[in-house]
Amino acid sequence: MAEFLLYEQEGHIVTLTMNEPERRNPLTGNSAVPEFIAAIQRIENDRSVRAVILTGAGNAFSSGGNIKDMERQAGADVTGMQIRQEYRQGIQRLPLALFNLEVPVIAAVNGAAIGAGLDLTCMCDIRIASHKAKFAESFVKLGIIPGDGGAWLLPRIIGLSRAAEMTFTGQMLDAEQALAWNLVSRVVAPEELLPTARALAEQIAANPPHAVRLAKRLLREGMHSRLDTLLEMSAAYQALSHQTADHSEAVSAFLEKRDPVFKG
């Protein structure tokens, strides 16, 4: 069986490509989740990686849940408690792993991101869309609910009212509406999608990696922490940052009017 997730590294940037285009890159009923978990662990352990791009092969980013798998779950041969465990030990591992990954992740959304596919984009830090991209929180159309964290992620990105509208209607957003609703940060021509994501990843990778990783951690913690708690964490992280070689290099380069060289 071919790998679902292609892992390619060039310099400090890893590109992950979901590679099951004939089925529109589904996230269930295949090896997607364990391959994602393995890739995330590999990235976390490799200090040379400073940015990640996630995209899909073919015409879709990800179609989300596999309908054939849902047919099995609706049958009499599986119990509700079994399905609960399948979610907890399966796709629900993905938002937790991506949320805790300190390396920034850019979703390069090349086509339809539907259901869990949309939620996967929300697990990333930055979303860039092709003009051909489409987005739908479509679970309700199948008589189910967002089971992978979408109900927590989506309102924090586009606001509760718009998240409710997408969730309750299952409506499809095109790329321009996704931009207007702040679901994505920019929309580009299809042929410019990966070069744009790459250029942004290179901008991120050019910065001191420890500072980027700790800044991402603070942004994530800020999604649910009190201000005083976040300030305490910021003080600790800042103390660590001030003592790094890359901080010293940045200060020296500024004073000497030269480009810094960060080694991580």
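How many aromatic pairs does a search of the whole structure find? The search finds 2. Keep in mind throughout that this is a predicted model.

**Stop 1: an aromatic pair**

Select Phe99 and Trp152. Their rings form an edge-to-face pair. The centres lie 5.6 Å apart, and the angle between the planes is 75°. Now colour by element. Phe99 belongs to helix α4, residues 93-100, and Trp152 sits in helix α6. The pair links distant parts of the chain, with the two positions 53 residues apart.

Switch on the surface. Is Phe99 buried or exposed? Phe99 counts as buried, because its relative accessibility is 15% and the cut-off for buried is under 20%. Trp152 has a relative accessible area of 32%, so this residue is classed as partly exposed.

**Stop 2: Thr55**

Go next to strand β3, residues 51-56, and pick Thr55. Thr55 is buried, at 5% relative accessible area. Show side chains and find Asn110. A polar contact of 3.4 Å joins the side chains of Thr55 and Asn110.

Then display what else surrounds Thr55. Beyond neighbours within four places in sequence, Thr55 touches Leu16, Thr17, Met18, Phe61, Ala108, Asn110 and Leu194.

**Stop 3: the largest pocket**

Select Thr28, Gly65, Asn66, Asp69 and Ile91. Of the 30 lining residues of the largest pocket, these are the closest to its centre. The pocket has a volume of about 430 Å³.

Which elements give two or more residues to this lining? They are α1 (32-45), α2 (67-73) and α3 (80-89). Highlight α2, which gives the most, with 5 residues. Colour the lining by residue class: 14 residues are nonpolar, 12 polar and 4 charged.

**Stop 4: the second largest pocket**

Move to Asp125, Ile126, Lys216, Leu219 and Arg220. These lie nearest the centre of the second largest pocket, which is lined by 16 residues. About 310 Å³ of space lies in this pocket.

Show β7 (126-130), α6 (150-158) and α10 (209-221). Each of these elements gives two or more residues to the lining. Helix α6 is also where Trp152 of the aromatic pair sits. Which element gives the most to this lining? That is α10, with 5 residues.

Keep the residue-class colours on. The lining of the second largest pocket has 11 nonpolar residues, 5 charged and no polar ones.

Methods. Residues are numbered from 1 along each chain as its sequence is written. This is a predicted model: local features need pLDDT of at least 70, side-chain atom pairs count only at pLDDT 80 or more; totals for chains, interfaces and linings use all residues. Side-chain values use heavy atoms; hydrogens and water are left out. On a 1 Å grid over the protein atoms alone, a cavity is a set of points where a 1.4 Å probe fits but cannot get out, and a pocket is an open set with protein on both sides within 12 Å along at least five of seven lines; lining residues have an atom within 4 Å of a point. Grid points are joined across faces, edges and corners, and a volume is the space filled by probe spheres set on the points. Helices (H or I, at least four residues) and strands (E, at least two) are DSSP runs, numbered from the N terminus. Ala, Val, Leu, Ile, Met, Phe, Trp, Tyr, Cys and Pro count as nonpolar, Asp, Glu, Lys and Arg as charged, and the others, Gly among them, as polar. Buried means under 20% relative accessible area, exposed over 50%, partly exposed in between (1.4 Å probe, protein chains only). A polar contact is a pair of N or O atoms within 3.5 Å; within protein, one must be able to donate a hydrogen and the other to accept it, and residues adjacent in sequence count only if both atoms are side-chain atoms. Contact means heavy atoms within 4.5 Å. Rings of Phe, Tyr and Trp (its six-membered ring) pair if their centres lie within 6.5 Å; planes under 30 degrees apart count as stacked, over 60 as edge-to-face and the rest as tilted.
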